[in-house]
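Got the model open in your viewer? Follow along, and we'll go stop by stop, saying what to select and what sits there.

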Amino acid sequence: AASGEHSPLMACVKMCQLHQHWLIQAGATFDRRVDSSGSSLCEISPLVSYDGEGLLRNYPAVLNLPLLMPSRYERDPHIVVAPLAIVTELATN
């Protein structure tokens, strides 16, 4: 299995760092930065933003990690969305 910089966990961390960067650029502030522990994740659904576009809005004073930003379609209780626990599971395996 891949490890280090080429592991599934590091791929997830890099994507979460990118998503956090997009939100910071859009005016959000966070309680902490995404790190490689797997406990401080930040995920934006591609249905919300595919490349950081459309994220400008008024955010609460501080966003707390872990953060999942689903689209309104993914918040429908009849639609199944993979939880962040799946990503956390990558950190422990």
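Start with the whole chain as a surface: about 6100 Å² is exposed, and carbon and sulfur atoms supply 58% of that. Those areas are Shrake-Rupley values with a 1.4 Å probe, and for residues only the protein chains shown count as cover.

A word on ground rules. This is a predicted model, in which local features need pLDDT of at least 70 and side-chain atom pairs count only at pLDDT 80 or more, while totals for chains, interfaces and linings use all residues. Residues are numbered from 1 along each chain as its sequence is written, and side-chain values use heavy atoms, with hydrogens and water left out.

**Colour by confidence**

Colour by pLDDT, the predictor's confidence in each residue from 0 to 100. The chain's mean is 80, and 80% of the residues reach 70 or more. Now select residues 81–93: pLDDT is below 50 there, and beyond near neighbours in sequence this stretch has 14 contacts in the model. (Contact means heavy atoms within 4.5 Å.) Where pLDDT is low, the predicted coordinates should not be read in detail.

**Switch to cartoon**

You'll see two helices and two strands, running α-β-β-α from the N terminus. Helices (H or I, at least four residues) and strands (E, at least two) are DSSP runs, numbered from the N terminus. Of the 93 residues, 33% count as buried, where buried means under 20% relative accessible area, exposed over 50%, and partly exposed in between (1.4 Å probe, protein chains only). Among contacts with a separation of 6 or more, 62% are between residues 24 or more positions apart.

**Select α1, residues 8–25**

How far apart are the end C-alpha atoms of α1? They are 26 Å apart, which agrees with the span expected for its 18 residues at 1.5 Å a residue; the rule is 1.5 Å times one less than the number of residues. Show side chains: the buried ones in α1 include Leu 9, Cys 12, Cys 16, His 19, Trp 22 and Leu 23. An α-helix has 3.6 residues a turn, so residues three or four places apart point the same way. Step just past α1 to Gly 27, which takes a positive phi of about 105°.

**Show the core**

A nonpolar core here is a set of buried Ala, Val, Leu, Ile, Met, Phe, Trp, Tyr and Cys residues joined through side-chain atoms within 4.5 Å. The largest one has 20 residues, and Leu 23, Phe 30, Cys 42, Leu 55, Tyr 59 and Leu 67 touch the most other members. α1, β1 and β2 each give two or more residues to this core, with the largest share, seven residues, coming from α1.

Pick Phe 30. Leaving out residues up to four places away in sequence, Phe 30 touches Gln 20, Leu 23, Ile 24, Cys 42, Val 62, Leu 63, Leu 65 and Leu 67.

**Walk the loop between β1 and β2**

Is Leu 55, in this loop, buried or exposed? Leu 55 counts as buried because its relative accessibility is 1%. Its contacts beyond four places in sequence are Trp 22, Leu 23, Ala 26, Ile 44, Val 48, Ser 49 and Met 69. Draw a distance to Ala 28: the two C-alpha atoms are 9.4 Å apart, with their positions 27 residues apart along the chain.

Leu 63 is in the loop between β1 (42–44) and β2 (67–69) too, and is buried at 10%. Setting aside neighbours within four places, Leu 63 is in contact with Ala 28, Thr 29, Phe 30 and Asp 31. A little further on, look for the cis peptide bond joining Leu 65 and Pro 66, with omega about 0°. Most residues other than glycine have a negative phi, and most peptide bonds are trans.

**Val 48 and Ser 71**

Val 48, also in the β1–β2 loop, is partly exposed at 22%. Ser 71 is in the loop between β2 and α2 (84–92) and is buried at 6%. Val 48 and Ser 71 are 23 residues apart in sequence but 5.3 Å apart in space, C-alpha to C-alpha. Beyond four places in sequence, Ser 71 touches Ser 45, Leu 47 and Val 48.

**Last stop: a charged pair**

Select Asp 31 and Arg 32. They form a salt bridge, with the closest N and O atoms 3.7 Å apart; a search of the whole structure finds one salt bridge. The term means a side-chain nitrogen of Lys or Arg within 4 Å of a carboxyl oxygen of Asp or Glu. Asp 31 is partly exposed at 38%, and Arg 32 is partly exposed at 35%.
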